[in-house]
Amino acid sequence: MSGTDAGGDTVHDAGQWTANPRAYSAGKQYTERFNTGVFGPHLTGPLTGDEGRPGAVRVGDTFTAYLPLFSDGAGHVGDSRYRKARSTLYAGGTKIFAANTDLTDISYELPAAQRTYRLTTDVSRPTALSSVSTRVAAEWTFTSAHVTGAGQRLPLSVVRFTPRLTKQSTARAGTRFSVPFTVEGAATARTARKLAFSVSYDDGRTWQPAKAVNGKRLDLRHPAKAGTVSLRATLTDAAGNTLKQTIHRAYRIAK
């Protein structure tokens with residue numbers, strides 16, 4: 001389902017967040033937080049279908065993917081309305097597909113022989129919907145060949161950022177701020193051969209290295225004025241598979 005916004009741009013509707021089943025005891029009060037940042041890619045959690053969780057799978061020579069880019073900060077797997085999207089898959093120099101869509105419902109045929117693949121996705125959503133995670137982009141490289149028998153999960157990884165933000169997905173300006181992160185999928189922060197981070201405080205116009213502490217968190221110094229924080233991660237795992245992931249306006253900083 002889709003429509004147009006006030007500017008005449010197409011806006012696709014797919015907003016939802018999925019939580020694992022949870023038991024509640026009578027007479028007690030519980031709080032569940034949904035729809036708060038940092039919104040970004042997620043490779044664990046519930047998934048409709050046979051594979052049990054988000055990711056990309058090869059069965060024989062068929063590639064299928066459900067790669068949600070807007071899971072919320074509490075870990076609820078989520079899709080979002082978006083204004084613009086572009087996703088591609090290349091096998092060597094051969095284009096398998098290029099489509100104006102995200103990667104939440106993709107299925108294509110691949111060549112049987114082993115190839116090095118490059119998978120990209122770049123999705124923007126309207127600021128009228130959310131003032132954070134307004135654009136999320138990811139690029140993966142990996143090798144794959146024909147799979148016999150049961151399907152094989154492809155070796156993709158993502159980085160999750162889970163700072164303590166307000167309900168409005170903000171943090172204080174002018175402060176030192178910790179941004180915990182985890183690596184999900186084929187790699188972990190401990191097994192990654194290379195893992196580096198960058199931060200931007202000017203909507204991605206310029207980037208600077210972000211210090212990672214103990215493979216668990218980023219140590220940032222917020223500017224004194226209100227604005228936004230964008231986050232970028234690059235990763236190479238032990239097998240040579242790579243990730244480049246960018247979350248524009250991951251959260252806002254306010255005085």
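Me: Is R135 buried, partly exposed or exposed?

Reply: First, a caution: this is a predicted model. Burial is read from relative accessible area, and partly exposed covers the range between under 20% and over 50%. R135 has 34% relative accessibility, so R135 counts as partly exposed.

Me: Which residue does R135 meet in a salt bridge?

Reply: Look for the N and O atoms of the two side chains. R135 meets D122, at 2.6 Å from N to O. D122 sits in strand β10 and R135 in strand β11, so this salt bridge ties together parts 13 residues apart in sequence. D122 is partly exposed because its relative accessibility is 23%.

Me: How do β10 and β11 pair, parallel or antiparallel?

Reply: Read the bridges between the strands. β10 and β11 pair in the antiparallel sense, over 10 bridges. D122 has A137 as its bridge partner in β11.

Me: Which other strand does β10 join?

Reply: Strand β7, residues 84-91, is joined to β10 by eight bridges, and the two run antiparallel. One bridge to find on screen is that of A85, whose partner in β10 is V123.

Me: What should I expect of side chains along a strand?

Reply: In a regular strand, they alternate between the two faces of the sheet.

Me: How many salt bridges does a search of the whole structure find?

Reply: The search finds five. Among them is R58 with D61, where the closest N and O atoms are 2.7 Å apart. R58 has a relative accessible area of 0%, so R58 is buried. Another joins D219 and R176, with the closest N and O atoms 2.5 Å apart. D219 lies in strand β19 (residues 217-221) and R176 in strand β15 (residues 176-185), so that pair ties together parts 43 residues apart in sequence.

Me: Are D219 and R176 buried or exposed?

Reply: Take each partner in turn. D219 has 18% relative accessibility, so D219 counts as buried. R176 is exposed, at a relative accessible area of 57%.

Me: Now the rings. How many aromatic pairs are there?

Reply: The search of the whole structure finds six. Read each by the distance between centres and the angle between planes. For F63 and F97, the centres are 6.5 Å apart and the planes are at 35°, so the pair is tilted. F63 lies in strand β5 (residues 62-66) and F97 in strand β8 (residues 94-99), so the pair ties together parts 34 residues apart in sequence. Both F63 and F97 are buried.

Me: Which pair is stacked?

Reply: One stacked pair is Y117 with F142, at 5.5 Å centre to centre and 15° between the planes. Y117 is in strand β10 (residues 115-124) and F142 in strand β11 (residues 135-144), so this pair links distant parts of the chain, 25 residues apart. Y117 and F142 are both buried.

Me: Which rings form a cluster?

Reply: Follow the ring pairs from residue to residue. They link F63, F97 and Y108 into a cluster.

Me: Where does a charge lie over a ring face?

Reply: Check the arginines. R125 lies over the face of F39, 4.8 Å from the ring centre. R232 lies over the face of W207, at 4.1 Å from the ring centre.

Me: Where is S133, and what does S133 touch?

Reply: S133 is in the loop between β10 and β11. S133 counts as buried because its relative accessibility is 0%. Leaving out residues up to four places away in sequence, its contacts include F39, R125 and H248.

Terms used: Residues are numbered from 1 along each chain as its sequence is written. This is a predicted model: local features need pLDDT of at least 70, side-chain atom pairs count only at pLDDT 80 or more; totals for chains, interfaces and linings use all residues. Side-chain values use heavy atoms; hydrogens and water are left out. Rings of Phe, Tyr and Trp (its six-membered ring) pair if their centres lie within 6.5 Å; planes under 30 degrees apart count as stacked, over 60 as edge-to-face and the rest as tilted. Helices (H or I, at least four residues) and strands (E, at least two) are DSSP runs, numbered from the N terminus. Buried means under 20% relative accessible area, exposed over 50%, partly exposed in between (1.4 Å probe, protein chains only). A charge sits over a ring if NZ of Lys or CZ of Arg is within 6 Å of the ring centre and within 35 degrees of the ring normal. Two strands pair if DSSP finds at least two bridges between them. Contact means heavy atoms within 4.5 Å. A salt bridge is a side-chain nitrogen of Lys or Arg within 4 Å of a carboxyl oxygen of Asp or Glu.
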